[in-house]
Protein chains: 2
Amino acid sequence: MGATYHQFCPVAKAMELLDERWTLLLVRELVTGSERFNDLRRGLPRMSPALLSRRLGQLVRAGLVERRHEDGQVRYVLTPAGRELRPVVEAIGAWGTRWVGEIGDAELDPQLLLWDMHKNVNLDAVPAGRTVVRFRFPDAAPGARDWWLVITGREVDVCDTDPGFEVTVTMTARLRCMTEIWLGDLSWSRALRTGALEVTGPEALRRAAPGWFALSVFAGVPRPSRD
Amino acid sequence: MGATYHQFCPVAKAMELLDERWTLLLVRELVTGSERFNDLRRGLPRMSPALLSRRLGQLVRAGLVERRHEDGQVRYVLTPAGRELRPVVEAIGAWGTRWVGEIGDAELDPQLLLWDMHKNVNLDAVPAGRTVVRFRFPDAAPGARDWWLVITGREVDVCDTDPGFEVTVTMTARLRCMTEIWLGDLSWSRALRTGALEVTGPEALRRAAPGWFALSVFAGVPRPSRD
DNA sequence: CGGTATCCCCGTCGATACTG
DNA sequence: CAGTATCGACGGGGATACCG
């Protein structure tokens, strides 16, 4: 665990656990439903597996996470104590949404964006059968420009290579534009109106497609009024 | 500022700023009303002045704190962005109250306890004129056993040497006991009933004394039911 | 899939002393 | 009161490779 503050204050005691690098982002991933080691990695691509392993161990020892080994696979599941960190994560995210400045180019990441979006597909809104949403980011790094979300029943998969299925709709936008939509800084309708986002496919599906995605939980946070 | 996570997520952006050691405790001090460098030090006695200075600079640069130099003295005042961290601090403190284990002996600190308590004196409840509350911690380190809170009008001062005024009431308890009262883990009435706390002085004042103190903001947080 | 092992660097932090 | 200055240790964590 992290170094002690030698303070009896509950804030200090909590931060001894939570203020280490990556810890709260790991909690964010757990709170948003990832349970498998490699799924956690996908949400934290810049975190080394060694460190992820260590952080998970710390959370287990602290009683926030339970490591379940069953059916030959491992799942990390939040305990009640861990689950109660959701309000903390939400308070921090809401604050960040309101007060932390612009997103740098280095923070735009199609993989991460798609990984986030795939966790928030509104399955009830998607047509029955298989739906394939193809994303095109013309300005992304070569090899990271084309992505597919394959939605089948209760499953959503992210692909960075063509899965070969028929594409239902294609969304084309600059990576920053799609990220802003996801974060609630830009509305679907405005992006479409200005041409920053282009959706192609059969008319009915094209119109419905934005409704298939629930945006980031922070998209609805009111921004500070500029005065 | 801290290292970047290279993530566009608002939680990540916020934590780049907030997850460094001491930062959120400093915010806690600012949120609870300390504005002067040396007052901040009193609330963070184990933090070196160099580091405190640096952290303050980071918060100023991040736009959370404004440094005001006026009348030959310096005040650090939270900006709107900084003030909005209160819910974050409260969420973390509430979680810590519910889920972080026992307080270690090394965390018991009479100076810190008195500093916290002096910020939460219920001035309207204290008798007019000067009130002196003396605290005795028989088990504290030699030289840190006797403390005085001198309350005059709008001012509360902490003394670790006898200020020489007549003592209104004296409270005697083990340091852990007084800390538990402050944190809401033990009620005044129970502490008095069990004899863990002794209050001496004129009857009316003795009975009124507990009402002079507002407890920690986390004292009222419901504890997890044990089941 | 679910992790270990290793290595090394560099930055953070703590300690202490000192200043206008 | 409100900070600087300096210095050294340590260990966190990034990178990379590897394993069952």
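These notebook entries record what I looked up in a predicted model of two protein chains and two DNA strands.

**Entry 1: DNA strand C**

I began with the protein surface around DNA strand C, where I found 15 residues. The closest are R36(A), S53(A), R67(A), Y76(A) and R55(B). I then looked up which part of the strand faces the protein: of its atoms within 4 Å of the protein, 81% belong to sugar or phosphate, and the rest belong to bases.

I next noted individual contacts to phosphate oxygens of strand C. The side chain of S53(A) places an N or O atom 2.6 Å from one. From chain B, a polar side-chain atom of R55(B) lies 2.6 Å from a phosphate oxygen, and one of R21(B) lies 2.8 Å from a phosphate oxygen. The elements that give two or more residues to this surface are α3 (37-43), α4 (49-61) and β2 (73-78) of chain A, together with α4 (49-61) of chain B. By class, I recorded 7 nonpolar, 3 polar and 5 charged residues.

**Entry 2: DNA strand D**

I turned to DNA strand D, which 16 residues surround. Here the closest are R21(A), R55(A), S53(B), R67(B) and Y76(B). Of the strand D atoms within 4 Å of the protein, 81% are sugar or phosphate atoms, and the remainder are base atoms.

For phosphate oxygens of strand D, I found an N or O atom in the side chain of R55(A) at 2.4 Å. A polar side-chain atom of Y76(B) lies 2.5 Å from a phosphate oxygen, and one of R21(A) lies at 2.7 Å. At least two residues of this surface come from each of α4 of chain A and α3 (37-43), α4 and β2 (73-78) of chain B. I counted 7 nonpolar, 3 polar and 6 charged residues here.

**Entry 3: Helix α6 of chain A**

I looked up helix α6 of chain A, which covers residues 86-99. Its 14 residues reach 20 Å from first C-alpha to last, close to the 20 Å expected. Its buried residues include V88(A), I92(A) and W95(A). What do the buried residues of α6(A) pack against? I found α2 (23-31) of chain A, together with α1 (10-18), α5 (80-83) and α6 (86-99) of chain B.

**Entry 4: L149(B)**

Last, I examined L149(B), found in strand β4 (residues 146-152) of chain B. Is L149(B) buried or exposed? I noted it as buried, because its relative accessible area is 0%, under the 20% cut-off. Beyond its neighbours in sequence, L149(B) touches residues including L114(B), V133(B), F135(B) and F213(B). The C-alpha atom of H69(B), 80 residues away along the chain, is 29 Å from that of L149(B).

Notes:
Residues numbered from 1 in each chain as written. Chains lettered and ligands numbered in written order. Predicted model: local features only at pLDDT ≥ 70, side-chain atom pairs only at ≥ 80, totals over all residues. Heavy atoms only, no water. Helix = DSSP H or I, 4+ residues; strand = E, 2+ residues; numbered from the N terminus. Expected span 1.5 Å × (residues − 1). Buried < 20%, exposed > 50% of the residue type's maximum accessible area, 1.4 Å probe, protein only. Contact = heavy atoms within 4.5 Å. Near = heavy atom within 4 Å. Polar contact = N/O pair within 3.5 Å; in protein donor to acceptor, adjacent residues only side chain to side chain. Nonpolar A, V, L, I, M, F, W, Y, C, P; charged D, E, K, R; others polar. Lists of a residue's contacts leave out its neighbours within four places in sequence.
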